[in-house]
Amino acid sequence: MQLHSIKDLNFKSKRVFIRCDFNVPMDEYGNITDDRRIRSALATINYCLDQDCAIILASHLGRPKGEFSEKYSLVPVQRRLHQLLKRDVILAKDVVGEDALKKVADMKCCDILLLENLRFEKGETKNDEALSKILADMADFYINDAFGVSHRAHASVEGITHYFDKKHKAAGFLLQKEIKFFGDLVKRPVRPFVSVVGGSKVSGKLEALINLLPKVDKMIIGGGMAFTFLKAQGYDIGNSLVEDDLLDEALQIIEEAKKLGVKLYLPVDVVAAQTFSADSVTKITTAQEIPKGWMGLDIGPATVRLFREAIGDAQTILWNGPMGVYEMEKFSRGSSKMAHYIADTYATTVVGGGDTADLVQRIGLDEEMTFISTGGGASLELLEGKVLPGVGPLVMEDEK
Ligand code: AMP
């Protein structure tokens, strides 16, 4: 998919609106705990600065429900941008209020203005036309570099694109990189191509599973979602997480994999506990016979060995979703082992999904992976074969 690139535009002495994804995790003191999303936007921001233009940066942070809330202010983002860019970054007190509009009107060449959290405006998530127009009127050019929200039809992502013709809107470097990686991965993977899927629910990943199945050579399913597949085969899964309404779909996927010759791997043992808590007593049981009252919260040691063998010859690995409740140390071993084995392969390794990226980062393996996507939901929708609402308007005409 070829996108209009910011490289094709001439910004000199103009005003450029860049939709970024600065939705970074923070601790209880408001410190940014992972600034990868901010660092990932620097290439586009620095490129624009080199073109001698004025830059308006806009992002959401968390879910502030359409009104100002100090907790969700972009002040920490402004500080981190200032440290990373080594330049002044002016923060507006609002999004499209008096202060923001005045600051936009006063902008000079090479100024950087950051609007307050876009979701302080109710219209943002409703893709409100009036809000899109006010945002669009702020600048001569629109750049989308916010891959993490490109699957959302929001005012600053989709609505705003209607107010710029194709010579005045484009994708930033991060968005281009994400789209290219996932596009190449699915269209031209070097084989064997293995997808490792985990996380809590089948429902959130069902479409992606169905779309991936004909493209991969092996599919490994772990995490909470595996239990729906195990139950569908008639195994006793105790109190483990399950989606009973998806048992038929799970069976169909198993059948389809057989037909396509795709090797499907499910856990053979699990780390089980009686309660969903960090201090519960645990034991290892086979995946076929999880006792009543016990639930599987991580893959067991035999499964880890099985999955390790399965990825051994992979040339491309796509990983989305943890193998267990990795947030609790007792149930993090399976995910952590898999992360090490995936990093150790000679394969091109692509990690998608906020939780999986977080996990890889915690273990310190982020440098070992080929590519870590900044968007969980967006990458899943790409894998489902969808054209994202924020990306569609930036696709070259002859590609549509
Ligand atoms: P997702 O957002 O669907 O990728 O799911 C990520 C979440 O799945 C993490 O918060 C994990 O704690 C959770 N998870 C993984 N394995 C299990 C499991 N066996 N039982 C319950 N939750 C799980």
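Helices (H or I, at least four residues) and strands (E, at least two) are DSSP runs here, numbered from the N terminus. You're looking at a predicted model, where local features need pLDDT of at least 70, side-chain atom pairs count only at pLDDT 80 or more, and totals for chains, interfaces and linings use all residues. Residues are numbered from 1 along each chain as its sequence is written, and side-chain values use heavy atoms, with hydrogens and water left out.

Start by selecting helix α3, residues 75–85: P76, V77, L81 and L85 are buried there (under 20% relative accessible area, 1.4 Å probe, protein chains only). They sit on the same side of α3 because they cover an arc of only 150 degrees around the axis, taken from the directions from the helix axis to the C-beta atoms. Now show what covers them: α1 (36–40), α2 (42–50), β2 (54–58) and β4 (112–114) are among the elements there. Step just past the helix to K86, which has a positive phi, near 55 degrees.

Next, the cavities. A cavity is a set of points, on a 1 Å grid over the protein atoms alone, where a 1.4 Å probe fits but cannot get out; lining residues have an atom within 4 Å of a point. Points are joined across faces, edges and corners, and a volume is the space filled by probe spheres set on them. There are 2 cavities of 30 Å³ or more.

The largest holds about 60 Å³. Select its lining: S195, V196, V197, K205, A208, L209, L212, L318, N320, L380 and L383. Elements giving two or more residues are β7, α7, β13 and α13.

Finish at the second largest, about 30 Å³, where strand β12 (residues 295–299) gives the most, with 4 residues.

How values were computed: 1 Å grid on protein atoms, 1.4 Å probe; cavity = no way out; pocket = protein on both sides within 12 Å on 5 of 7 lines; lining within 4 Å. Buried < 20%, exposed > 50% of the residue type's maximum accessible area, 1.4 Å probe, protein only. Contact = heavy atoms within 4.5 Å.
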